[in-house]
Every structure is written in structure tokens, then in C-alpha cells.
Amino acid sequence: MTEQTDAGAIIAPLWRFKWLILVVGLLVGGLTYLHYSGGKPTFAASTEINLNNGYEEQGIPPPVEKRVGKKGNGGGAGAVAVSIIDSPLVHASVIGQLRALGTPTALDASRGGVGAAAKERTQFVTITASASTARAAALLANITATTYVNHQNENYSRGIRKNLAADRAQLASTEVALAAQPASEAAAAKSKPEPKGKRAGRGSSTSLTLEAASLQSKVGGLEAQLSIMSVRQIAIANELAAAESKSNPKKNAIFGFVIGIFLAAIAAYTLNRFDRRVRTLAGLERVFGVQILTALPGVRRPFGREQGDLRPTKALREPLRRLHVALKLGPSLNGRGARPRTVLILSPDSGDGKSTIAAGIAMILREGGERVSLIEADFRRPVQGRLFDVPTRGGLLEVLAGALTLDEALQPVDSVVSEVPELEPQGGLATLARPQSTGALSLLLGETGVPNPPAMLAEPTMPELVRAAAEEFDYVLIDAPPPLMVSDAMALLKIVDGIVLVGRIGHTREASAARLVELLTREKSARILGVVANDVARTDMERYGLSLGYGRRSWFARILGR
């Protein structure tokens, strides 16, 4: 058996959950449509900020910024401005100002959104605000721009005032040093030329005079810059120019549907990675390591009455008949000995359908003219009485305790007569064929309330009971609880002719199946006859080579004419 390809491993879980994935996508799409169809339109207003306003007012070119920011943010100063405008510092200040205003428009603006973007290769930043009304959008854009402008200009002014204070202090020191020079020395210094190739010393009158003049010029320039705004808002946001944007419910619903499908598919694949249950017939055969005897499709009601007789539904009859043939002919055809007459039916996990399959094969054997005894060796969850709709009275417990004999405890189920209709004479040859075979089914039911079920089944009378039943009936089927969950069935492993394992697709865990086979091998139990697959999808059955009945084909096969 080859492993699934990578594509198959991804597609398989998605295909299993296809309806759930589709429902999730439709649900998300529907909710998205309802959300946006009832939503109010939004308005967007924009304003711009000039980052080089100070240089333009002074008539000098701005410095070249060598740093390059992210694409769409202008780079350099534009990128820095965008990051500041979008920062929590500016946002918190804007929200505080709007809430302080307290007007309905300001409150609407506080619930809006703001975004900034710098134009490529320019020193302009655009601030765009969106809100439920045009007036609120314009107010939000303008207050955001004003907050940033004031913040930047305050930092700009603070830097200039700091430099101005330093230059004024230096100028005052220079003027004091210049005033301390004697007037005659100053005049002599003015008439005497400076030697070539030598700079004037710090303490000379000439150097002090030049330094004072330079500082006065510098202080004057800084004082002039105090009145200049380095950053300025231009193109004030106007509510009349606000653009209205209406959501498209259909487009958003389609997008929501796609997102829902995508997220549901990821969830299905992730859950499948952690879900180690057997999903296919091939996987069931691989983990058990034995052949598939038959595969039963999933049905809601496994049994029904026809003409007063309890029988399996039509969908289960042919697969159960295949199991009958496998039990009757399989061992002799394979040269592995006589057919098994006492069969133990086990499953790895609870809920695999073991008891239902035991009841179904018992009915089919009876239908085929066999005398069958079904022993329910389950003192924890006995269900055969409910499946056959018979009252629970003295059963296996009383026989093992010696209170009743086997014949007294067995409860017969209605017998079925299989009859071949009379054949008409053909070609003058008058031959009549009317074979009849009467099958019989008897139940030996279990019951609850047993203090120590494993010890009761380990009594020496249990093997004698099975041998006595085998002498009286053609087949003895034993329905026992899962040996991985309780140890009740351990005493039965060596007193039967064969064991039939039951696995349920989508329920049986790989670890449980492998552990059960390991347990049966280690205990040297009776021969494992094979596996009965329960709750199998019809497509998986056909893919494996099985069908529900002669002449039945899938719609795909009928279209292809095969």
C-alpha cells in the first residue's frame, strides 16, 4: 500500500469537510452582506502639510535628504512626518481635543480614522480622515494637521531659542572683553597692520570686534527665524469637498465568502493533522494488517421489519452476505483449515458498531438457513436485547453461575424460511424444485450489575458453554467489549475458532487499531479472520473495488458508460 502524495494529503481532509467548509463560507459571506448592507456611508476629507515652509519663507533651498523611506511615504522627512502623524502620541492628543469640544460633530470625528501619506520626491504630506459625516471628517483632518504642525513648530522654535540664548551669552562675553581693552591700545592696534601669515589672537581688539559683529549678525538671523513657521498646513480640509464612499455589500460578501472558505480550509487541514482516525478502507486495512472481509455503508436505521421479521436494511444485506461467504469459504479456500464456527467479534474503540454488526451477521446467517447463537459477553453495555426488541431476562450470567442451563437461558428469535419457488416444466421435462431451509437464531443476553465481569468470563464454565453451543448450533457469535478499554474479553481469546475485528471509518483511531492487533498477537489468540469496515462512504467502497450490489454503479460510471 503506497502512501498518499502530498497533494492527496492536503485535498483529502478538505474534501471530507467540504460541506462544513462551504457552510462556513456562506455564513461569513451572509454576515458580511448584512453588515455592509445596513451600514451608513462614510466621508473622507484631506488636507496637506508643507514640511519646507521655513526655507521657502527665507528664500533658500531646503537641504537634500539622503535617507530613503518606505515606498509611498516620500522618503526622508516625509517618512518621518508620516510616522509621527500615525503615532499614538498625535492620535491621543487629537482624541483628547475632540472630546474636550464635546459637540456631536467632534464626537463623531473621534470615532473616525486618520491616515497620512507623503508624496514622492516632494516635501508635502497628505492627511486623510474618514468619518460618518463630511463635517466630522474635515474637523478630524484639520485638528490632526494642526496638532502635528504645532508640535513640529514648537520643537523648531525651542531649538532656535536654545541657540539664540547661547549666541547672546557669547556676544555679551565678547562685548565685555572688548570694553576692557584700553582706548589707546585699541587705537594703536587699529593703526598698526597685522603681520602677514599670522592670525590675530583671541585677546586682540580686532579679533574681538570681528567676533562681536559676527555674533550680532547671527543673533539677528535667529531672531528673524523665530517669527517663521517651519511646517505649515495648506489646503485646509473642507466639508464641501469631502468625498462620500458607499460600501458595496455584494463585493464585500464575495470577499467574506472567500475569506471564510480559506479560513475553514486551514482549520480543517490543521484539525486533520492532529486527528489520527482512520479515514479510508485502504488505511483501515493498512493499520490492522489483515484483509477487509466486507464494507458496510453508513445508514440511519440498520434494521427494519419486513413481513414481521427483523432484518437488516437493503443497503446492509449484500455486504453482510459477503461476510457470510467469507466466513464460510475463506479459510478452506486459503488452505488455512476448516471454517470457523465460534467467532469472537471485537473492535478497538467503543462506538465502532461492533454489536450492530454482530446482530446483522446473525440475521444474515439465519436467513441463509444457518442455526446461529449470539452470545452477548458484555456485562457493561448490553445492547442486543434492545436491537432485537426482546425482553432481558436470565442470560449469560445465570448460566455461568449455574442458576440456568444453556437451553433455559437461550431466547429464540423468529425463524425465517428460505424458499425457492416451484419451477415450471420446460421442453416437456417436468422437474420440480422446491428446496427449503429453515434458519434459527437464539440469543444469550448479557446484563449489567455484575461486580467483576472479567472474573465471571474467566470461569471454567465459559469454555464449556461455548463448546456446548457449538455442538447445538452451526455458528456461535460472541459479542464482547473492546479489550483495550476493559479486560473482559481476554478470557475469550483462546476459546474461539476465529476473531473478526470491526473498524469504523472516521471513528477508529490508528493507534487503537495497531495496539489491538499487537495485543492479540502477543496473547497468541485465535486466528484473526479479517476486518469488517463500518460506516464507509460509497465512493470509497467503489474506489476500493467493492459495491453495494450487482448492477449498481455510481452516476459518474454511468455517465462514462462503464
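This report describes a predicted model of a protein, moving from the whole chain to one pocket, one helix and one residue.

## The protein as a whole

The predicted model has 562 residues, of which 40% are buried, and the protein contains 21 helices and 15 strands. Among the contacts in the protein with a separation of 6 or more, 79% are accounted for by residues that stand 24 or more positions apart in the sequence.

The accessible surface of the protein comes to about 31500 Å², and carbon and sulfur atoms hold 57% of that surface.

## The second largest pocket

Rolling a probe the size of a water molecule over the atoms shows where empty space is left. The second largest pocket has a volume of about 650 Å³, and 32 residues line this pocket. Which residues lie nearest its centre? They are Gly351, Asp352, Gly353, Lys354 and Ser355.

Several elements take part in the lining, with at least two residues each coming from strand E6 (292-297), helix H12 (314-333), helix H13 (354-367), helix H14 (384-388) and strand E15 (527-536). Helix H13 gives the most, supplying five residues to the lining of the second largest pocket. When the lining is sorted by class, there are 14 nonpolar residues, together with nine polar and nine charged ones.

## Helix H11, a mostly covered element

Helix H11 spans residues 281-288 and is mostly covered, with six of its eight residues buried. These buried residues are Leu281, Ala282, Gly283, Leu284, Val287 and Phe288.

What do the buried residues of H11 pack against? Their partners are strand E6, strand E14 (498-504), helix H19 (510-522), strand E15 and helix H20 (538-544); of these, E6 and E15 also supply residues to the lining of the second largest pocket. Just after H11, the backbone at Gly289 takes a positive phi of about 75°.

## Arg317 in helix H12

Arg317 lies in helix H12, an element that supplies at least two residues of the lining of the second largest pocket. Why does Arg317 count as buried? Arg317 counts as buried because its relative accessibility is 12%, and buried means under 20%.

The side chain of Arg317 reaches the backbone oxygen of Pro312 at 2.8 Å. If its neighbours within four places in sequence are left aside, Arg317 is in contact with Glu306, Arg311, Pro312 and Ile364, so Pro312 appears both in this list of contacts, where contact means heavy atoms within 4.5 Å, and as the residue whose backbone oxygen the side chain of Arg317 reaches.

Notes. Residues numbered from 1 in each chain as written. Predicted model: local features only at pLDDT ≥ 70, side-chain atom pairs only at ≥ 80, totals over all residues. Heavy atoms only, no water. 1 Å grid on protein atoms, 1.4 Å probe; cavity = no way out; pocket = protein on both sides within 12 Å on 5 of 7 lines; lining within 4 Å. Points joined across faces, edges and corners; volume = space filled by probe spheres on them. Helix = DSSP H or I, 4+ residues; strand = E, 2+ residues; numbered from the N terminus. Nonpolar A, V, L, I, M, F, W, Y, C, P; charged D, E, K, R; others polar. Buried < 20%, exposed > 50% of the residue type's maximum accessible area, 1.4 Å probe, protein only. Areas by Shrake-Rupley, 256 points an atom, 1.4 Å probe, with all protein chains shown as cover. Polar contact = N/O pair within 3.5 Å; in protein donor to acceptor, adjacent residues only side chain to side chain.
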